[in-house]
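Visitor: I should like a close look at a single part of this model, namely its covalent cross-links and the strands that accompany them. Please describe that part in a connected account.

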Amino acid sequence: MIITIVLFALSAATMPTNTSLTTASLCQADSIAADFLFLIDGSSSMCAYNLQFATNFSLLIDQISDKNIDARFSVVAFGGTPSIILPFSADVATAKIALSSVNCSRSGWEAGLEAIRMTLQNSGADMDKSMCMTSNSATCILEWRNNATRQIIMATDEDSDIPTN
């Protein structure tokens, strides 16, 4: 099993607006399966950044979709108890909608590393599902594929707080 974690951590400086997003390491001759989890800090300090993240991550999804990659996308918001917004889906349009739906109204500790642990263990069973885009909370789980590389992309402006979940 391969797990890749990319962390977009913000400092007091502004986020670059022309970040080049590439998928060179994933572009191989044979189709490769990859599950991409976008883990987004939804706390109030992220208000200035979430629209830019949604835009740039949507561009990344487009780039991935143009490659020979069997990709699925999931979106989880954290700040307090992490919430599954979108379980893994190959639907690009739905993934983009899920990314743009993460707002900055969440409160509580921003335990990013704990949120990663929760996404990797027991299919996110201990996460909030009230914001899930599926019609059935029973299907709102994070099922990683055994044959896929696991890509976790986290966007936050904080270090990882003490876990409270």
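Guide: In this predicted model, C47 and C104 are joined by a disulfide whose sulfur atoms stand 1.9 Å apart. The torsion about the S-S bond of C47 and C104 is about 90°, so this disulfide is right-handed. As to placement, C47 belongs to the loop between β2 (32-41) and α1 (50-65), while C104 belongs to the loop between α2 (92-101) and α3 (112-120); the pair therefore ties together parts that are 57 residues apart in sequence. Both cysteines fall between the limits for buried and exposed, which are under 20% and over 50% relative accessible area. C47 has a relative accessibility of 44% and so counts as partly exposed. C104, with a relative accessible area of 22%, is likewise partly exposed.

The structure holds two disulfides. The other link joins C132 to C140, with an S to S distance of 2.1 Å. The torsion about its S-S bond is 105°, and the link of C132 and C140 is right-handed. Here the cysteines are covered: C132 is buried, and C140 is buried too. When the bonded cysteines of the chain are numbered in sequence order, the pairing reads 1-2, 3-4.

The loop that carries C47 lies between β2 and α1, and these two elements lead on to a strand. From β2 the chain passes through α1 to β3, and this β-α-β crossover is right-handed. The strands β2 and β3 run parallel and are joined by 10 bridges. One residue pair can be located in this ladder: A71 in β3 is the bridge partner of A34. Strand β3 comprises residues 69-78 and is mostly covered, since nine of its 10 residues are buried.

β3 also pairs with strand β4, which spans residues 83-89; the sense is antiparallel, and four bridges connect the two strands. Within this pairing, A77 has S83 in β4 as its bridge partner. The hairpin of β3 and β4 has four residues between the strands, and in this hairpin G79 takes a positive phi near 125°.

To draw the account together, β3 is parallel to β2 and antiparallel to β4. The disulfide of C47 and C104 ties the loop that follows β2 to the loop between α2 and α3, whereas the cysteines of the other disulfide, C132 and C140, are buried.

Technical notes. Residues are numbered from 1 along each chain as its sequence is written. This is a predicted model: local features need pLDDT of at least 70, side-chain atom pairs count only at pLDDT 80 or more; totals for chains, interfaces and linings use all residues. Side-chain values use heavy atoms; hydrogens and water are left out. A disulfide is a pair of cysteine sulfur atoms within 2.5 Å. Buried means under 20% relative accessible area, exposed over 50%, partly exposed in between (1.4 Å probe, protein chains only). Two strands pair if DSSP finds at least two bridges between them. A crossover is right-handed if, with the strands pointing away from the viewer, the path from the first strand over the helix to the second runs clockwise.
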